[in-house]
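Colleague: I am new to this structure and would like to learn how to read it. Could you take me through it, feature by feature?

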Amino acid sequence: EFQDRMLQSVAQIRDAIDPLASAAKDTPESIGHRVAKLANFIEPVAEAAINAASKMPHSQKQTDLLDQTKTVAESATELLYAVKDAGGNPKSANAHPIVDDAAKNMQDAVKDLTDTLEEAASESGAVTGLVESISKAMNEAVQGAPPETDDVKPFVHYQEKMTKTMKDLSRKGQDMVGRAGTDPSQLGPLGKDVTRLYNGLTQEAQGAIQTASSPEVAERVRTGVQALGASCMKLVQNCGDVQANPRDPISMRDLADAARKVAEKISHILAALQSGSRGTQACINAATTIKGIVTDLDTTVMFATAGTLNPELEGEKFTDHREEILTNAKALVEDTKALVPAAQASQDVLANAAQSAVSSISKLSDCVKLGAAALGADDTNAQVMLLNAVKDVASSLYNLLDSAKNSSGRHGDGAGEDLKNSTKDMISKVSSLLMTVKSVEDKTSRGARALDSSMDAIKQAVVILNSPTTAAREATPEDLIRSTKPVTLATAKVVAAGNSGNQEEIAAAANMGRNAVTELLTTCKAAAARAESAEVRNAVVVAGRESGTAFNSMLAQVHIVLQKPTNDKKQGLVAASRKVADCLGALVKSAEALKGSDWVNPEDPNVIAENELLGAASAIEAAARKLAELKPRERPRQADESLAFEEQILEAAKAIAAATSALVKSAATAQRELVASGVVCSTSSDPNEDGQWSQGLVSAARLVATAVNSLCEAANATVQGNATQETLIASAQQVSNSTAQLLLACRVKADPNSAGQKRLQGAGKAVRKASDDLVKAAQNARVFEEQSVTVIINQKWVGGIAQEIQAQEAIIRKERELEVARKKLMQIRQARYKDDEDSS
């Protein structure tokens with residue numbers, strides 16, 4: 001209930017942000033009304049958040065919900081201040097960017113809160129919020145609002161995105177049916193995914209409706225998206241029913257029916273899109289088919305590399321398939337040439353050309369796989385080279401179909417130039433395949449052919465890396481660093497093969513390098529997409545591009561050595577391999593920058609020291625907060641004087657805690673100055689020396705924190721009447737002594753005139769002064785004064801002597817206890833210093 005109420009209020013807040021930001025720029029008369037509208041929703045959201053959090057079973061989710069609600073309120077405050085400064089004045093150009101930033105920050109905060117609420121609702125089986133989200137998206141699609149961006153794309157752009165989204169949506173529906181019987185707990189996240197996909201689909205549909213070729217097509221898309229929304233709502237509702245009662249067969253049957261209805265509505269929208277642009281839809285379908293062909297060829301290459309690709313029939317030879325391969329390759333060239341004029345012709349002509357091309361590449365791929373198998377598992381290099389050649393042809397055809405789709409119906413805007421370039425690349429790849437087919441059994445030229453093929457593939461991978469297209473997958477900085485290892489191994493193999501001049505070794509090294517470098521560049525593009533800033537992203541892309549170019553230069557040097565081997569040319573090969581190693585090192589370094597500025601080496605002694613210093617500061621601040629909560633114990637009224645002393649003790653202890661907190665923070669600052677100035681290296685050339693210094697600083701910081709905790713305990717015991725004067729004084733003196741050790745540790749390598757050291761010395765003086773004040777207060781306190789002892793003297797002579805002997809005995813016993821206590825203290829100190837030396 002509370003989550004649904006929050007979702008409704010948050011949706012209204014989201015709708016109120018942009019109108020308020022717009023009013024702040026040019027319509028001052030609307031600001032008051034829109035501010036009041038926004039403010040009216042904040043308090044209900046806060047109240048519902050508190051109630052919803054109280055119903056959540058996990059404390060972490062409670063904290064996340066409350067923190068995100070607080071962020072929404074804070075961002076709303078920031079936006080209101082920005083609106084106030086702008087005041088609706090269109091001439092206040094300096095204030096307008098601040099309003100835009102504040103509005104964007106609030107939109108982001110609202111989105112995060114909405115995602116959290118939808119996730120919590122889906123996990124609990126409450127789908128009201130998801131259904132309302134779909135309903136709202138349906139209304140927007142029916143109204144046919146223009147796209148949010150001013151950069152309106154052609155119809156084919158929205159057609160392609162809608163096709164991909166609907167395929168994902170259909171897949172999620174089928175997953176729901178499968179999960180309902182095996183793992184109903186996963187239905188909640190799937191329902192959220194369905195809602196997200198449909199919301200995205202409505203945004204894409206708005207663009208398609210605006211750019212459709214005819215009103216009939218636009219109307220079919222609009223009604224189709226609306227009908228799909230109703231089916232998605234039913235699907236999500238049935239999903240919630242199954243979550244609530246997983247064993248109900250009626251609910252499971254309704255869920256299956258709803259998933260089937262969703263797939264049916266999707267087919268209607270696809271038909272509407274195809275009727276409006278049949279040719280471009282055929283290009284999209286053909287591109288999807290070619291992706292599957294490329295994936296199948298990759299799998300076949302893996303079998304060939306492993307030496308397990310054998311002919312289907314015994315005695316089968318490559319010559320049995322050569323003519324068929326050449327015939328299909330020539331047919332593909334003719335289909336490629338037909339695609340260029342078809343892109344500027346009618347949609348029916350383009351559709352026929354695309355279907356013919358994908359049929360030809362499918363036949364060619366099958367023939368080449370059979371031919372590669374006929375070569376036998378003993379000739380793996382030839383198999384891999386042949387399969388890679390046809391895979392290059394398929395990838396080039398994919399790019400050609402994409403260019404034909406984008407240039408369909410467009411004239412005079414440069415779209416035809418991409419189509420011509422793609423056609424030339426396609427014909428070049430087919431020609432390379434034909435040369436490979438004719439010479440694949442010629443072992444004398446196999447190495448050169450493999451080098452040419454690998455260089456072309458790496459060049460194409462570099463082009464894709466530099467292109468603005470979205471990465472095909474996700475990758476982490478760790479994945480990028482790991483992908484450099486195969487390139488290093490391939491580099492060593494290429495150098496060894498180049499020096500030997502053996503064609504088989506060169507072909508194997510070239511194939512290995514092709515796979516390693518293309519995988520590296522693909523991972524590089526995916527990892528760069530996760531960079532925190534454009535600067536880091538560009539650095540990663542540049543490092544990846546230079547690595548690919550350097551490897552290509554090394555392959556070109558192998559080609560030169562292969563033609564006429566000399567010692568000078570072989571030395572050039574070594575220099576080229578060093579260049580590859582340097583570029584890979586730069587790439588690894590840039591990959592580390594992808595981790596962000598908050599990542600450090602946990603084994604760095606200076607990092608350990610700084611963490612311990614800040615940890616000690618946190619402990620001291622916690623102790624100070626504990627002291628602040630202490631109050632003197634109530635005593636009878638006649639004890640007013642002792643109450644004043646207790647207040648004095650507490651104030652002195654608080655002062656010491658505050659002073660030591662400032663001291664440790666100053667020590668951390670001083671240590672950073674030493675690292676920044678280079679006196680102490682973050683990665684030390686003499687790790688033993690800096691490690692010992694950092695260890696001394698760490699132990700001193702820990703000692704300060706421990707001493708302050710002991711002081712707090714002693715002060716607390718004194719207030720409660722359970723401590724002696726000696727305990728309090730010893731605790732305060734220990735704080736003073738440990739402070740002196742910390743100051744000494746910080747001054748070992750520091751500049752005494754630096755600002756950090758001056759602050760450090762000032763903080764140390766404050767600690768010593770606070771400790772001395774506490775010692776004086778304890779020494780002068782009457783509560784600790786020894787009461788006068790009345791001694792009754794024995795008047796008898798013998799009894800008097802015995803009384804004196806007993807007094808001397810007590811003195812000797814106390815002196816002996818004092819001596820034992822001093823020795824114990826000395827042993828404690830010696831043991832501690834010995835442990836410190838062993839650990840350092």
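Modeller: Gladly! Let's start with burial: of the 840 residues of the protein, 44% count as buried. Please keep in mind that this is a predicted model.

Colleague: Thanks. How many helices and strands does the protein have?

Modeller: There are 25 helices and zero strands. To see how the chain comes together, look at contacts between residues with a separation of 6 or more: 80% of those in the protein link residues 24 or more positions apart.

Colleague: What is the mean pLDDT of the protein?

Modeller: The mean is 78, and 74% of the residues reach 70 or more. Confidence also varies along the chain: helix 16 (residues 477-500) has the highest, at 90, and helix 20 (residues 605-629) has the lowest, at a mean of 53.

Colleague: Where does pLDDT stay under 50?

Modeller: One such stretch is residues 634-645, for which the model has 14 contacts beyond four places in sequence. Residues 782-787 are also below 50, and that stretch has eight contacts in the model beyond near neighbours in sequence.

Colleague: How should I treat places like that?

Modeller: Where pLDDT is low, the predicted coordinates should not be read in detail.

Colleague: Let's turn to helices. What span should helix 11 have, and how far apart are its end C-alpha atoms?

Modeller: The idea is to allow 1.5 Å a residue and compare the result with the model. Helix 11 covers residues 319-343, and its 25 residues should span 36 Å; the end C-alpha atoms are 37 Å apart, so the two agree.

Colleague: And what about helix 12?

Modeller: Helix 12 (residues 347-374) has 28 residues, for which 40 Å is expected at 1.5 Å a residue; its end C-alpha atoms lie 41 Å apart, which agrees. After helix 12 comes Gly376, with a positive phi near 95°.

Colleague: How many residues of helix 13 are buried?

Modeller: Helix 13 is mostly covered, with 22 of its 28 residues buried. Its reach from first C-alpha to last is 41 Å, close to the 40 Å expected at 1.5 Å a residue. Helix 11 has buried residues too, among them His321, Ile325, Leu326, Asn328 and Ala329.

Colleague: How do I decide whether a single residue is buried or exposed?

Modeller: Use its relative accessible area: under 20% is buried, over 50% is exposed, and anything in between is partly exposed. Take Asn238, in helix 8 (residues 215-244). At 4% relative accessibility, Asn238 counts as buried.

Colleague: Which residues does Asn238 touch, not counting those up to four places away in sequence?

Modeller: Asn238 touches Asp254, Leu255 and Ala258. A second case is His559, found in helix 18 (residues 534-563). Its relative accessible area is 16%, so His559 is buried. Leaving out residues up to four places away in sequence, His559 touches Ala448, Leu451 and Asp452.

Colleague: Now, is Ser22 buried or partly exposed?

Modeller: Ser22 sits in helix 1 (residues 2-26). With 36% relative accessibility, Ser22 counts as partly exposed. Its C-alpha atom is separated by 8.9 Å from that of Asp100, although the two are 78 residues apart along the chain.

Colleague: What other partly exposed residues could I look at?

Modeller: Try Gly178, in helix 6 (residues 155-182). Gly178 has a relative accessibility of 42% and counts as partly exposed. Between the C-alpha atoms of Gly178 and Ala256, 78 residues apart along the chain, the separation is 9.2 Å. Glu592 is in helix 19 (residues 567-593). With a relative accessible area of 48%, Glu592 is partly exposed. The C-alpha atoms of Glu592 and Val540 are separated by 9.8 Å, and these residues are 52 apart along the chain.

Colleague: My last topic is empty space. How many cavities of 30 Å³ or more does the structure hold?

Modeller: It holds one. About 50 Å³ of space lies in the largest cavity.

Colleague: Which residues line the largest cavity?

Modeller: Its lining consists of Ala389, Asp392, Lys429, Ser432, Thr436, Arg449, Ser453 and Asp456. Helix 13 (380-407), helix 14 (415-439) and helix 15 (446-466) are the elements that give two or more residues to this lining. By type, the lining divides into one nonpolar, three polar and four charged residues.

Definitions and conventions
Residues are numbered from 1 along each chain as its sequence is written. This is a predicted model: local features need pLDDT of at least 70, side-chain atom pairs count only at pLDDT 80 or more; totals for chains, interfaces and linings use all residues. Side-chain values use heavy atoms; hydrogens and water are left out. Helices (H or I, at least four residues) and strands (E, at least two) are DSSP runs, numbered from the N terminus. The expected span of a helix is 1.5 Å times one less than its number of residues. Buried means under 20% relative accessible area, exposed over 50%, partly exposed in between (1.4 Å probe, protein chains only). pLDDT is the predictor's confidence in each residue, from 0 to 100. Contact means heavy atoms within 4.5 Å. On a 1 Å grid over the protein atoms alone, a cavity is a set of points where a 1.4 Å probe fits but cannot get out, and a pocket is an open set with protein on both sides within 12 Å along at least five of seven lines; lining residues have an atom within 4 Å of a point. Grid points are joined across faces, edges and corners, and a volume is the space filled by probe spheres set on the points. Ala, Val, Leu, Ile, Met, Phe, Trp, Tyr, Cys and Pro count as nonpolar, Asp, Glu, Lys and Arg as charged, and the others, Gly among them, as polar.
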